[in-house]
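Work through the exercises below with the structure open. Try each task before reading its solution.

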Amino acid sequence: MATSITRRSFLKISGATTVGLSVAATLPDKFLLWAEEQGMLKATYVPTFCEICFWKCGVMAKVINGRVVKLEGNPNHPGARGKLCGRGNGGAGLLYDPDRLKTPLISSGARGEGKYKKASWDEALNLVAEKLTRIKQQYGPEAVALFTHGTPTDHFLPLLSAFGSPNVGMPSFAQCRGPRDVGLELTFGESIGSPERLDMVNSKVVVLFGSHLGENMHNSQVQDYAEAVGKGAKFIVVDPRFSIAAGKAHTWLPIRPATNIALLLAWINIIIRDGLYDKEYIGAYANGFGELAEAVRDCTPEWAEKETEIPAATILETASLMAKNAPAVCIHPGRHATWYGDDVQRTRCIAILMALLGTWGRPGGTFFATTASFPKMESKPFPEPSREPLNGGGYPFAGGEGVTQAIRTSTINGKPYPIKGWFVSGTNLMKAIPNEKETLEAIKKLDLLVAVDVMPFDTAMLADVILPECTYLERYDALAVGKGKSLTVSLRQPVVEPMYESKPGWWIAKELAKRLGLDEYFPWATYEEKIKAQCAHWGINFEELKKAGTITIPDTAAPYITAETPPKFKTASGKIELYSNELKEKGFDPVPRYTQHPQPASGEFRLIYGRNAVHTFSRTTNNPELHELYPENEVWVNAPRAREMGLVNGTYVTLVNQDGVRSNPIKVKVTERIRKDCAYMVHGFSTSSTSLKKAFNKGADDQGLITRYEVDPICGGTGMRVNFVRIEKEAPHA
Amino acid sequence: MELTITGVNAVTTPHLHVWDWRVSLYLFLGGLSAGLAIMTSILHVRKGGKLAEGDRAAFSAPLYVPIILSIGMLFIFLDLERKLNVFWFYLTVQPLSPMSWGSWGLLVFYPVSIMYALATLPESKRHYLRFPVLVNLSERLSRFKLPLAAANFAMGIFIGVYTGVLLSSFVARPLWNSAILPVLFLTSAMSAGAAFMIMIAGEKKVKLFFTKVDIWLILAEMVILPLFFYGQYTSSGAHRESIMPFFTFSHGYFWYGLGMLLLLIIFPVALVLKYLEVKEEHGEELTADALLKMNLSALMVLAGGLIIRLSFVYAGQLSHL
Amino acid sequence: MPRYAMVIDQRRCVACMACVVACKKENEVPPEQYRTRVVEKIEGEFPLLRMELRSELCNHCDNPPCVYNCPTGASYKRKEDGLVLLKKYRCVGCKSCLAACPYDARYINEKKGFADKCTFCEHRIKEGKEPACVATCIGKSRIFGDLDNPQSPVSIALRENHAEVLLQEAGTKPRVYYIKRFGKPE
Ligand SMILES: Nc1nc2c(c(=O)[nH]1)N[C@H]1C(S)=C(S)[C@@H](COP(=O)(O)OP(=O)(O)OC[C@H]3O[C@@H](n4cnc5c(=O)[nH]c(N)nc54)[C@H](O)[C@@H]3O)O[C@H]1N2
Ligand SMILES: Nc1nc2c(c(=O)[nH]1)N[C@H]1C(S)=C(S)[C@@H](COP(=O)(O)OP(=O)(O)OC[C@H]3O[C@@H](n4cnc5c(=O)[nH]c(N)nc54)[C@H](O)[C@@H]3O)O[C@H]1N2
Ligand code: SF4
Ligand code: SF4
Ligand code: SF4
Ligand code: SF4
Ligand code: SF4
Ligand SMILES: [Mo]
């Protein structure tokens with residue numbers, strides 16, 4: 001455990017006695033706090049980083065005799081800056097959730113029945129290793145796929161690679177950032193990173209497309225956003241829903257869903273037409289301006305008004321507001337970008353707009369990552385798989401994180417080759433990927449489904465073997481390297497010992513490797529040893545890192561374009577590609593074009609979804625500290641339309657989608673804050689796992705209603721806002 | 001307007017609900033004992049003590065005072081969340097807290113009412129006291145009947161007012177926050193005291209006397225209550241809002257509307273009944289029929305007092321600044 | 001002698017609820033009970049809407065009805081810094097203070113029965129730290145400091161902005177100030 005930073009108050013009472021660990025570990029928090037106040041117990045602060053979402057904020061965990069009493073932000077960490085979001089503050093709720101997975105479990109009934117018997121680690125690991133080996137012998141190693149998200153990836157991806165399979169799928173690509181990253185890469189040669197390198201603090205105008213900051217609670221980004229609000233930046237918020245961000249906006253554009261590209265093209269057209277673009281910037285750095293200008297000529301504000309239902313005058317006004325303040329204009333490219341299946345092109349529009357306004361690499365726009373980096377560590381190379389990866393799904397621009405649903409499809413139809421084993425770590429596939437039926441169908445085809453999880457969520461409860469990982473507060477994980485304006489490295493280390501029989505991911509991976517004859521890929525005894533070696537290689541003092549949590553490497557950052565630091569665009573042409581030859585070669589529009597999408601029929605609503613500030617997808621829904629703030633989701637319905645339908649605020653209704661799928665009863669929120677044609681809900685609710693005492697059946701599951709999805713042909717992203725629902729009154733509710 | 005609040009305490013949202021029937025009963029019984037104390041003092045002083053002569057209430061009424069008070073105190077005790085800490089009431093004086101001076105006041109009221117009960121105990125009944133010390137005390141106290149009656153009367157007024165001040169001191173709850181409330185509560189307390197007296201008295205003269213007293217008190221209540229509502233209605237928006245439960249006949253406010261309706265019936269009917277009693281020619285003894293009417297009207301008055309306490313305690317918590 | 005106060009810059013609140021969760025952890029507030037809350041108020045009709053975000057807590061009133069109504073002296077206003085605090089061992093749980101507070105800032109600790117509320121995290125102030133909700137406030141919407149120190153963040157914020165208190169008409173003289181709009185003091 002880490003060396004503790006003694007609290008100031010204890011300097012005064014240096015002679016204070018420390019009560020034995022064993023006794024106090026079982027004492028209630030109240031007493032511990034009192035005893036601490038009396039100087040009987042010592043509070044220590046142990047740095048680590050958060051895993052309640054993927055922002056990886058630096059945490060200072062306050063521990064009193066083996067019990068985590070509070071989590072605070074690490075001031076050294078750039079993502080936290082001494083603060084945690086509501087979810088991060090509630091992280092100990094996961095640690096002490098009584099419903100946690102406590103021991104390995106082996107299915108004792110049919111798959112999905114939810115019947116398990118407790119097993120020892122040996123039993124469970126042997127079983128998994130044995131079945132994996134059998135699949136390997138029968139179908140080849142590629143027949144095992146890994147679905148993973150978050151830090152477990154750092155342990156199980158090497159295991160998969162060592163095993164010989166290239167087939168990994170992370171929902172962070174095809175269900176999240178994929179189209180955005182591809183769209184930006186095609187235009188600028190690189191994406192925007194995570195944390196996104198947005199220079200909002202210096203912006204005069206910020207444009208948000210859906211990005212519902214404040215509800216989307218990525219810590220430092222929201223801090224920047226609040227800073228921008230505080231400094232008086234003008235916000236243009238495009239969202240069919242009056243989000244928290246819209247509430248702060250100078251202009252809220254309640255766009256008709258699925259018409260975003262029309263608005264963007266109109267803006268691009270106005271800016272070109274009226275000569276408002278940054279001529280110098282475009283001249284120096286961009287390719288294909290002529291073709292772009294030609295292609296968008298007809299995208300007038302009047303045309304866009306018809307599509308978007310945003311008045312032409314407002315479109316003009318907002319365009320000139322941007323132009324007037326360029327380049328200090330931050331156009332957020334979004335994060336969860338998989339909306340309508342033309343999402344790469346939507347991002348391309350945003351990228352083109354950024355280029356025209358000259359905001360990429362400019363103060364108030366976006367900034368460049370530091371070029372500093374850590375030297376690579378030599379390690380044993382993984383075996384070359386003998387078959388082509390199938391996780392690209394044939395999409396020309398699929399990324400390295402894989403296309404989750406492509407693996408699913410191959411699992412169902414056995415093409416191009418069969419997939420017989422799924423290894424799932426840190427993702428709740430049932431909630432993450434659209435069309436639950438398909439997922440279940442694929443799972444039926446498997447010889448083995450293993451889940452490494454901390455909680456018995458939906459997907460884990462379908463597994464043949466469940467391996468209980470300890471929470472992020474109880475383990476070492478890979479060092480987190482941050483590349484923002486400067487280079488940082490942060491440590492995840494155990495704050496307390498693992499509870500029950502749970503084990504760290506690295507241990508599980510290593511033990512499996514041992515049983516699979518792959519130990520040479522895990523040539524260290526403990527993860528601490530591995531990290532230590534890495535630190536030594538990187539020239540970082542491990543002991544110092546343990547105390548500080550995050551170390552920032554002083555370097556020569558060049559965040560903005562200047563005469564001395566000209567930009568490098570890693571595109572084919574070395575320039576910003578307003579017109580994309582790459583796309584053209586693959587048969588896609590080189591300049592984005594608008595196509596109409598189906599709109600809801602009368603009596604229907606388009607189902608849209610988003611975040612709640614105190615929840616992360618499904619994973620926090622059972623966290624006692626967060627559950628109490630938002631125990632179940634609600635469906636937002638436009639107030640006048642609700643009145644017409646006779647819906648009463650706070651009563652339960654049932655949603656029925658175009659394919660006849662019915663939701664759980666869900667409370668209706670009758671509100672002026674949404675367009676008439678949309679029904680909105682927070683994603684992640686209504687787990688089917690009865691082991692989750694708080695979250696079971698609470699609210700409705702958006703994913704259950706998302707039976708249709710529109711795949712982006714460029715990268716494989718699954719557009720998920722293409723489902724329509726009807727609302728039935730008087731849902732039975734227990 | 002749409003309101004969403006994250007982090008609400010059930011005890012204050014959607015409205016305050018800290019006090020229930022226990023506090024209502026405390027206020028009612030406290031008021032009743034106060035009213036009865038006032039009436040017993042009057043009984044013993046009236047006509048130089050002649051009125052009390054020969055009536056069973058002469059000695060029973062003063063005894064009822066501390067008993068009813070104790071039952072009332074039991075209810076407030078039941079309402080305390082940390083009962084073992086009650087002694088703190090008496091380790092401090094909080095001059096701005098009605099509850100503090102109420103608890104001190106009760107501490108004085110008790111001995112005064114007990115002493116008064118001892119003092120008014122007729123000689124013939126002193127042997128019930130068993131212990132010579134008490135018999136002795138009773139004998140000695142009986143010499144100070146008059147000053148004790150005065151003290152008892154004063155304490156009765158004090159406690160009667162206090163039960164109203166307790167509520168009226170809360171600036172945060174507009175229904176309660178009215179200077180008329182203590183007057184209303186005192187009047188209602190005295191009226192209840194008189195009614196109780198009518199019920200426990202044996203002699204016709206006593207019953208009729210207190211019937212007359214009660215007529216005036218009911219009349220007073222019938223003036224004060226509308227005045228109270230008038231005051232609230234013409235005051236700030238929050239004050240005006242605060243009385244709406246009584247006048248809005250909706251599902252949510254059903255009990256308040258009903259309470260109001262009952263009061264509207266009880267007071268006039270009781271008044272008429274009493275008026276008839278006084279007017280009627282009675283013989284030496286009251287007829288069974290007349291007794292029934294008398295007791296009925298007295299019961300109505302008591303019920304009215306209870307309704308006032310219950311509805312005000314609850315409705316006050318619905319009101320908000 | 002410090003005069004602690006809080007300024008809530010409502011413009012910067014992002015409704016993230018970090019304050020609510022942090023406060024509960026810092027102060028061991030029982031489940032389903034809160035010392036601070038965030039109010040989200042929407043006015044208008046689609047699409048002409050206004051939003052007000054307001055975090056609320058005990059105002060540490062200079063004229064505190066909760067203290068006046070406390071029969072046992074459990075609730076008191078501390079002389080040195082004006083914090084309204086509680087001596088829990090004295091509290092009988094009579095709930096007068098709950099009824100007295102116009103801001104509904106109090107609750108009865110459901111586990112222990114005593115009245116409780118925000119203390120401005122006096123145990124943290126003592127150690128030279130900011131209150132927990134302030135320290136974690138993502139929007140830097142909550143500002144804490146000493147009114148008597150002209151350089152403190154609260155003094156600066158109040159100098160540079162128009163601020164109001166809640167329910168001024170209650171006469172409680174709150175020490176929590178709200179900045180709603182942009183602009184200098186009027
Ligand atoms: N609290 C919290 N914060 C999170 C997360 C979390 O789980 N919880 N997850 C994190 C992750 S991984 C991601 S990817 C991000 C996702 O967060 P964002 O990238 O902000 O997600 P979006 O899908 O852009 O945002 C949803 C919003 O889009 C609006 N919307 C729906 N349809 C349309 C449309 O057609 N056009 C426009 N313009 N808007 C539309 C919805 O009304 C809603 O307000 O959040 C991150 N932050
Ligand atoms: N309908 C719909 N689908 C969506 C989205 C949406 O908004 N709507 N959002 C999409 C986006 S943007 C994303 S990024 C994905 C997110 O998809 P996921 O990352 O799969 O999100 P969760 O539903 O939170 O599932 C997380 C799982 O990981 C487990 N877990 C948590 N911590 C740990 C740990 O430390 N170790 C291990 N082993 N397991 C852990 C949890 O218990 C839970 O089972 O979902 C995507 N899918
Ligand atoms: S943003 Fe919040 S939940 Fe995500 S890592 Fe940071 S503190 Fe944790
Ligand atoms: S806000 Fe309420 S609890 Fe706090 S000092 Fe003022 S009256 Fe008392
Ligand atoms: S509940 Fe406790 S703090 Fe509140 S008024 Fe009663 S004794 Fe005082
Ligand atoms: S100052 Fe402390 S007690 Fe008060 S609301 Fe903030 S965190 Fe809670
Ligand atoms: S932490 Fe700050 S920004 Fe977040 S809800 Fe609370 S007051 Fe608002
Ligand atoms: Mo995501």
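The exercises cover fold, burial, charge and annotated spans. This is a predicted model: local features need pLDDT of at least 70, side-chain atom pairs count only at pLDDT 80 or more, and totals for chains, interfaces and linings use all residues. Residues are numbered from 1 along each chain as its sequence is written, chains are lettered from A and ligands numbered from 1 in the order in which they are written, and side-chain values use heavy atoms, with hydrogens and water left out.

**Exercise 1.** Test chain C against the globule rule.

Solution.
- Take the rule: 2.2 Å times the number of residues to the power 0.38, with the radius of gyration taken over C-alpha atoms.
- For 186 residues, a compact globule would have a radius near 16 Å.
- Chain C has 16 Å, so the two agree.

**Exercise 2.** How much of chain C is buried?

Solution.
- Buried means under 20% relative accessible area (1.4 Å probe, protein chains only).
- Of the 186 residues in chain C, 70% are buried.

**Exercise 3.** Compare the positive and negative side chains of chain C.

Solution.
- Count Lys and Arg as positive, Asp and Glu as negative; leave out His and the chain ends.
- Place each charge at NZ of Lys, CZ of Arg, CG of Asp or CD of Glu.
- Chain C has 32 positive and 24 negative side chains.
- The centres of the two sets lie 4 Å apart.

**Exercise 4.** Describe residues 146-167 of chain B.

Solution.
- UniProt (unreviewed entry) lists this span among the transmembrane regions of chain B.
- Residues 146-167 of chain B are 100% helix and 0% strand.
- Their end C-alpha atoms are 33 Å apart.
- Helices are DSSP runs (H or I, at least four residues), as are strands (E, at least two), numbered from the N terminus.

Key. Buried means under 20% relative accessible area, exposed over 50%, partly exposed in between (1.4 Å probe, protein chains only). UniProt positions are given in the numbering used here, feature names are shortened, and annotations may be inferred rather than shown by experiment.
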